[in-house]
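Visitor: Could you take me on a close look at a single part of this molecule? I am in my first year, so please go step by step.

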Amino acid sequence: LPSHYTLPSGDKIPSVALGVWRARPNEVGKAVKAALKAGYRHIDGAWVYRNEAEVGQALRESGVPREDVWITSKLWNTFHAPEDIEPALDDSLAKLGTDYLDMYLIHWPLAKKDGKPYDKDLTHNPYPTWQKLEEMVEKGKVRNIGVSNFNIRRLENLTSNPLKIRPAVNQVEISYWIPQPELLQWAKENDMLLEAYSPLGSEGRVRDTLKVREVQEIAKELGMTPAQVVISWLVQRGLVVLPKSVTPARIVENFQVSALPQELFDKLEKAATSHKPYPRLNPSRGWGIDFDIFD
Ligand code: A2P
């Protein structure tokens, strides 16, 4: 399986990353160190996870050179206005203790506005936000830019603007429960990489994922663990995969991926894509917006 993918910028992004969403204080730093020790060279974080300072400290203490680690962060919804972007990025850089990011993503296709649920224009067409991100690349603060939680319609909206740099990646929920074959097809046709968050099904559903009959059968046949089967299948589909764990043994386990024989890959692909999609995350209601963020 590929250990890296090459982006349009020429940069090589590692195919398996440690996800640190929901990794708590006093746990996340240890998890980052365990991951680097296990061979991970990609940490997927965000400003809103409130753990960037601890991640940064662990990166420095690990002794692994900065340039050997791929660091992704994300622009939170409240900072989409062009004048708010550079300060938000600077805050992430200061917390992480670095002067550049390998990847910076628009976290959600939603621009929050003071006193209102959202800014309609900027949410509908985030081109001004994107132009500012392009400027951050020109300034050298960020090497690559992309988006997260965008569906095909929103990707088409954004990329119909005269972009200087196209989004390199789109990070979305992808697992056995929501394998997103249409989005994957679109991404491949448009030279964009997809990144899979909650690849094991996300907290509370991981047990179910690891018990899926096909996953169990393949694990048994290949002498892999069920988690390794799922993560391997996702990398084999051409995705960057972001399993979250703060447990050292699982961190090691999740990094050991290997190609499934074609017929077993097909078996799992078929099982995953022949049931109705069951997304885990949809914050539209919680955010009080009058539309579905995935419509
Ligand atoms: P923990 O962090 O306590 O180790 P996802 O990446 O789909 O969001 O899943 C994250 C959840 O899955 C976390 O609760 C994490 O627990 C758990 N997890 C991560 N890796 C494994 C694994 N290899 N086996 C079982 N559970 C795992």
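Guide: Here is a walk along one strand, its neighbours, and the sheet they belong to.

Please keep in mind that this is a predicted model. Our stop is strand 5, which covers residues 70-75. Let's begin with how covered this strand is: six of its six residues are buried. The side chains point in two directions: Trp-70, Thr-72 and Lys-74 go one way, while Ile-71, Ser-73 and Leu-75 go the other way. Whichever way they point, all of these residues are buried.

Now look to either side of the strand. On the way in, we meet strand 4, residues 42-44, which runs parallel to strand 5 and is joined to it by three bridges. You can find one of these pairings yourself: Asp-44 has Thr-72 as its bridge partner in strand 5. Between the two strands the chain passes through helix 2, residues 52-62, and together strand 4, helix 2 and strand 5 make a right-handed β-α-β unit.

Going on from strand 5, the next partner is strand 6, residues 103-106. These two strands also run parallel, and four bridges join them. Thr-72 appears again here, standing opposite Met-103 in strand 6. The helix of this second step is helix 3, residues 82-96, and strand 5, helix 3 and strand 6 make a right-handed β-α-β unit.

Before helix 3, pause at the loop that links strand 5 to that helix, where you will find Phe-79. Is Phe-79 buried or exposed? Count the other C-beta atoms within 10 Å of its own: there are 22, and a residue is called buried at 20 or more, so Phe-79 is buried. Leaving out residues up to four places away in sequence, Phe-79 touches Asp-84, Ile-85 and Ala-88. Another residue to locate is Trp-47, which is 32 residues from Phe-79 along the chain, with 11 Å between their C-alpha atoms.

Let's step back to the whole sheet. Strand 5 belongs to an open sheet of eight strands in the order 3-4-5-6-7-8-9-10, with parallel pairing. Strand 3 (18-19) and strand 10 (240-242) stand at the edges, and each has a single partner strand, so one side of each has no neighbour in the sheet.

Further along that order, strand 8, residues 169-173, makes a good companion to our strand. Five of the five residues of strand 8 are buried, so the rest of the structure largely encloses this strand. Strand 8 pairs in the parallel sense with strand 7, residues 145-148, over two bridges. Within this pair, Val-147 stands opposite Asn-170, and Ser-148 has Gln-171 as its bridge partner. Strand 7, helix 6 (residues 152-159) and strand 8 make a right-handed β-α-β unit.

With strand 9, residues 193-197, strand 8 pairs over five bridges, in the parallel sense. Here Glu-173 stands opposite Tyr-197. Helix 7, residues 181-189, completes a right-handed β-α-β unit with strand 8 and strand 9.

One last stop is the ligand. Of the 17 residues around the ligand, those that come nearest are Leu-200, Ala-227, Lys-244, Ser-245 and Thr-247. The shell is made up of six nonpolar, seven polar and four charged residues. Helix 11, residues 248-255, gives the most to this shell, with three residues.

Notes:
Residues are numbered from 1 along each chain as its sequence is written. This is a predicted model: local features need pLDDT of at least 70, side-chain atom pairs count only at pLDDT 80 or more; totals for chains, interfaces and linings use all residues. A residue is buried if 20 or more other C-beta atoms lie within 10 Å of its own, exposed if 12 or fewer, and partly exposed in between; C-beta atoms are placed from the backbone. Two strands pair if DSSP finds at least two bridges between them. A crossover is right-handed if, with the strands pointing away from the viewer, the path from the first strand over the helix to the second runs clockwise. A residue is near a molecule or strand if its C-beta atom, placed from the backbone, lies within 6 Å of it. Ala, Val, Leu, Ile, Met, Phe, Trp, Tyr, Cys and Pro count as nonpolar, Asp, Glu, Lys and Arg as charged, and the others, Gly among them, as polar. Two residues are in contact if their C-beta atoms, placed from the backbone, lie within 7 Å.
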